[in-house]
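Biologist: Please take a close look at one part of this model, the ligand surroundings, and describe it in one connected account.

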Amino acid sequence: MKFGGTSVADIERIRNVARHVKREVAAGHEVAVVVSAMAGTTNQLVTWCQQTAAAHDAREYDAVVATGEQITSGLLAIALQDIGIAARSWQGWQLPILTTDAHTTARITSIDAAALVERLAMRREVAVISGFQGLHAESGRITTLGRGGSDTSAVAVAAAIRANRCDIYTDVDGVYTTDPRVVSRAQRLVKIAFEEMLELASLGAKVLQVRSVELGMVHKVRIFVRSSFEAPDAVDPHGVPPGTLICDEEDIVEQQVVTGIAFSKDEAQISIRRVEDKPGVAAAIFGPLAEANINVDMIVQNVSADGRFTDLTFTVPAGDFERANRVLTKARAVIGYERLDGANDVAKVSVIGIGMRSHAGVAARAFRALADRGINIRAITTSEIKFSLLIEAAYTELAVRTLHSLYGLDR
Ligand code: ADP
Ligand code: ASP
Ligand code: MG
């Protein structure tokens with residue numbers, strides 16, 4: 001059972017979480033719980049690091065931001081004990097959850113589940129584990145798994161103890177066709193394939209961290225997204241509550257062409273005007289960006305009419321916009337271009353569905369529908385099961401709603 005930030009936002013909600021856990025224990029299940037920090041806590045901790053020094057040591061950032069989860073794991077253990085359930089808190093370093101040393105975005109390498117399994121089975125004691133954090137064994141230092149990383153902690157623990165299921169309790173009762181906070185007509189999906197969830201998560205839907213879906217896919221963990229706001233005692237622990245199961249493609253009987261729509265305003269566009277159209281130019285541009293650890297996403301290059309000059313447009317994460325501009329300005333002599341244009345008021349809207357593999361013209365319909373609304377498309381990328389469109393940020397909601405209706409997701 002994993003509980004996110006809003007589900008443990010205050011003491012009353014932590015008590016509510018304890019009742020959810022008690023219900024499952026009473027039903028005879030052995031339960032490991034993973035918790036996030038209280039809503040807003042991690043943001044506050046990140047802000048404090050930034051205020052102390054804009055450029056700060058990643059190890060110390062991890063030392064600071066990992067503390068939010070220590071509070072909630074301890075409090076939940078207390079709340080459980082208070083209602084007669086044996087429980088013990090575990091920090092990442094205590095279990096331990098071992099990770100790489102990529103501080104701030106570490107990857108889990110292994111979890112020693114033996115002690116956990118023993119406690120669950122022999123002592124009948126609920127393990128309350130701090131999400132988001134781990135330990136780099138060689139240096140002995142605390143690491144964190146990137147924002148939203150508690151989802152990944154939960155799926156990793158579930159894989160390690162071979163859990164029957166990994167229930168992700170959050171503030172919505174499942175995965176929707178698009179963010180239900182933005183589109184009121186969004187519909188809850190009963191099931192979604194791992195591949196689709198992977199795209200949805202990586203293209204902006206923050207309901208699950210991308211790595212948690214990757215892990216679930218590799219280790220075949222049944223991930224079930226559900227709400228923590230249901231009355232704990234009204235839920236039948238042996239029934240099927242409202243929620244979304246992330247599963248294999250084969251387990252979905254009625255596959256729609258389009259399953260969901262994701263969007264991200266966290267994008268910036270850079271256009272390089274009048275670059276020479278010759279071999280090596282793309283390398284001269286993207287090489288330095290890669291060295292600076294800047295992820296380039298959509299890339300559009302025109303074929304030049306005169307065979308001499310062309311324009312090249314691409315996107316980078318909004319947070320890297322300034323840095324990317326500096327890198328490209330520095331490399332101007334090597335690249336050889338006339339002008340650098342940029343915009344960070346852009347958004348990426350993505351349409352996802354496994355059914356696209358076998359249906360032609362899915363994207364073409366989107367182009368027409370957006371044109372009818374006067375929405376200009378600045379860049380397009382496609383892959384087997386998704387396509388993404390770069391548009392002006394102000395039109396994001398309109399574009400998402402338009403596409404949501406177009407593909408029959410309003411129902
Ligand atoms: P938690 O704190 O429990 O980890 P998050 O805030 O990280 O919760 O994720 C849940 C939020 O994800 C929801 O409140 C919702 O606004 C957002 N979200 C975005 N896209 C979707 C989607 N397709 N389905 C459900 N929720 C979504
Ligand atoms: N507390 C961490 C964050 O806010 C991890 C998580 O909530 O999953 O990013
Ligand atoms: Mg989250």
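Modeller: The account below starts with ligand 2, follows one of its neighbours into a pair of helices, and ends with ligand 1. The model is predicted, so local features need pLDDT of at least 70 and side-chain atom pairs pLDDT 80 or more, while totals for chains, interfaces and linings use all residues. Residues are numbered from 1 along each chain, chains are lettered from A and ligands numbered from 1 as written, and side-chain values use heavy atoms, without hydrogens or water.

Ligand 2 is surrounded by Ser36, Ala37, Thr42, Glu69, Phe132, Arg147, Gly148, Gly149 and Ser150, each having a heavy atom within 4 Å of it. By class, this shell holds two nonpolar, five polar and two charged residues, with Gly counted as polar and Ala and Phe as nonpolar. Three residues of the shell make polar contacts (N or O pairs within 3.5 Å) through their backbone: a polar backbone atom of Gly148 lies 2.9 Å from an oxygen atom of ligand 2, Ser150 offers another at 3.0 Å from a ligand oxygen, and for Gly149 the distance is 3.4 Å. Taken alone, ligand 2 exposes 260 Å², of which the protein buries 87% (Shrake-Rupley areas, 1.4 Å probe).

Glu69, one of the residues around ligand 2, also takes part in the meeting of two helices, where Ala63, Val64 and Val65 in α3 touch Thr67, Gly68 and Glu69 in α4 (heavy atoms within 4.5 Å; helices are DSSP runs, H or I, of at least four residues). The axes of α3 (residues 58–65) and α4 (residues 67–82) come within 4 Å and cross at roughly 20 degrees (lines fitted to C-alpha atoms, angles from 0 to 180 degrees between N-to-C directions), which means that α3 is roughly parallel to α4, the word used for angles under 35 degrees. By class, the contact of α3 with α4 has three nonpolar, two polar and one charged residues.

Around ligand 1 there are 16 residues, and Thr170, Asp171, Tyr176, Asp179 and Arg181 come nearest. Here side chains supply the polar contacts: an N or O atom in the side chain of Thr170 is 2.7 Å from an oxygen atom of ligand 1, a polar side-chain atom of Arg181 lies 2.8 Å from a ligand oxygen, and for the side chain of Lys206 the distance is 3.3 Å. Taken alone, ligand 1 exposes 570 Å², and the protein buries 89% of that. The shell around ligand 1 has six nonpolar, five polar and five charged residues.

Note on methods. A polar contact is a pair of N or O atoms within 3.5 Å; within protein, one must be able to donate a hydrogen and the other to accept it, and residues adjacent in sequence count only if both atoms are side-chain atoms. Angles under 35 degrees count as roughly parallel, over 145 as roughly antiparallel, 65 to 115 as roughly perpendicular and the rest as oblique.
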